Amino acid sequence: QVQLVESGGGLVQAGGSLRLSCAPSGRTLLRYDMGWFRQAPGKEREFVAVITWSGGSTKHADSVKGRFTISRDNAKNTLFLQMNSLKPEDTAVYYCAAGTTSYISGYYNYWGQGTQVTVSS
């Protein structure tokens, strides 16, 4: 069982930046492909970005491409999501997940509890 803990969310003005982190509790993230998803009120959870276990391959949703960057530091056992040029429509609870590089949330085995990101206009 992998328990994931996100951090780094908060309130930021449009155009600002945040960096989210995700670390496991009691287990290494090595060898796990990882992803970030987000869910806004009244909407379904949507794909944001994925990264392979080695960090050698990443994909980002079109809505965040060029603004968000997924990365990982396996030595520090941590997954990151650097978010720049934030927009009000980026407001959501952000979740990290482990187990695959699928765009479909249902294929992931492990999830964090989520961290709130709020972007004010």
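Select Arg-38 and Glu-46 to begin: the two residues form a salt bridge in this predicted model, and their closest N and O atoms are 2.5 Å apart. Display both side chains together with the surface. Arg-38 is buried, with a relative accessible area of 6%, whereas Glu-46 is partly exposed, at 35%.

**The surroundings of Arg-38**

Keep Arg-38 selected and add Asp-90. The side chains of this pair also meet in a salt bridge, at 2.9 Å from N to O. Arg-38 belongs to strand β4, while Asp-90 sits in the loop between β8 (78-83) and β9 (92-98), so the pair ties together parts that are 52 residues apart in sequence. Asp-90 is buried, with a relative accessible area of 0%.

Next, add Tyr-94 to the selection. The side chains of Tyr-94 and Arg-38 are joined by a polar contact of 2.9 Å. To see the wider environment, show every residue in contact with Arg-38. Once neighbours within four places in sequence are left aside, the contacts of Arg-38 include Glu-44, Arg-45, Val-48, Ser-63, Val-64 and Phe-68. Among the others are Glu-89, Ala-92 and Val-93.

Now select Arg-67 as well. Which residues are linked with Arg-67 in a network of salt bridges? The network consists of Arg-38, Glu-46, Arg-67 and Asp-90.

**A salt bridge between exposed residues**

Move to Lys-65 and Asp-62. These two form a salt bridge, with 3.1 Å between the closest N and O atoms. Are Lys-65 and Asp-62 buried or exposed? Both residues are exposed. For the protein as a whole, the count of salt bridges comes to four.

**Asp-33, a buried charge**

Select Asp-33, which is found in the loop between β3 (18-25) and β4 (34-39). Side chains of opposite charge can pair when their charged atoms come close. Asp-33, however, is buried and has no salt bridge. Add Arg-72 to the view and draw the distance: Arg-72 is the nearest side chain of opposite charge, and it is 5.3 Å away. A salt bridge requires the nitrogen and the carboxyl oxygen to be within 4 Å, so the separation of 5.3 Å between Asp-33 and Arg-72 does not qualify.

What does the side chain of Asp-33 reach at 2.7 Å? Show the backbone of Trp-53: its nitrogen is the atom in question. Then display the contacts of Asp-33 beyond four places in sequence. They comprise Ile-51, Thr-52 and Trp-53, then Arg-72, and finally the run Ala-97, Ala-98, Gly-99, Thr-100 and Thr-101.

**Two loop positions**

Select Pro-41, in the loop between β4 and β5 (46-51). Pro-41 is exposed, with a relative accessible area of 74%. Add Lys-76 and draw a line between the two C-alpha atoms. Pro-41 and Lys-76 are 35 residues apart along the chain, and their C-alpha atoms are separated by 32 Å.

Proceed to Ser-57, whose place is in the loop between β5 and β6 (58-60). Ser-57 is partly exposed, with a relative accessible area of 36%. When residues up to four places away in sequence are not counted, Ser-57 touches Val-50, Ile-51 and Thr-52. Ile-51 and Thr-52 also appear among the contacts of Asp-33. Add Arg-19 for a further distance: Ser-57 and Arg-19 are 38 residues apart in sequence and 20 Å apart in space, from C-alpha to C-alpha.

**The whole protein**

Finally, clear the selection and switch to a cartoon view. How many helices and strands does the protein have? It has zero helices and eleven strands. Read along the sequence, the pattern is therefore an unbroken succession of β elements.

Turn the model to view its overall dimensions. The C-alpha atoms fill a box of roughly 40 × 30 × 25 Å, taken along the principal axes. With 121 residues, a compact globule would have a radius of gyration near 14 Å, and the value of 13 Å for the protein agrees with this.

Colour the residues by accessibility to close the tour. Of the 121 residues, 45% count as buried. The protein exposes about 6200 Å², of which carbon and sulfur atoms supply 46%. Among contacts with a separation of 6 or more, residues 24 or more positions apart account for 56%.

Notes. Residues are numbered from 1 along each chain as its sequence is written. This is a predicted model: local features need pLDDT of at least 70, side-chain atom pairs count only at pLDDT 80 or more; totals for chains, interfaces and linings use all residues. Side-chain values use heavy atoms; hydrogens and water are left out. Helices (H or I, at least four residues) and strands (E, at least two) are DSSP runs, numbered from the N terminus. Buried means under 20% relative accessible area, exposed over 50%, partly exposed in between (1.4 Å probe, protein chains only). Lys and Arg count as positive and Asp and Glu as negative; His and the chain ends are not counted. A polar contact is a pair of N or O atoms within 3.5 Å; within protein, one must be able to donate a hydrogen and the other to accept it, and residues adjacent in sequence count only if both atoms are side-chain atoms. Contact means heavy atoms within 4.5 Å. The radius of gyration is taken over C-alpha atoms; the globule rule is 2.2 Å times the number of residues to the power 0.38. Accessible areas come from the Shrake-Rupley method with a 1.4 Å probe; for residues, only the protein chains shown count as cover.
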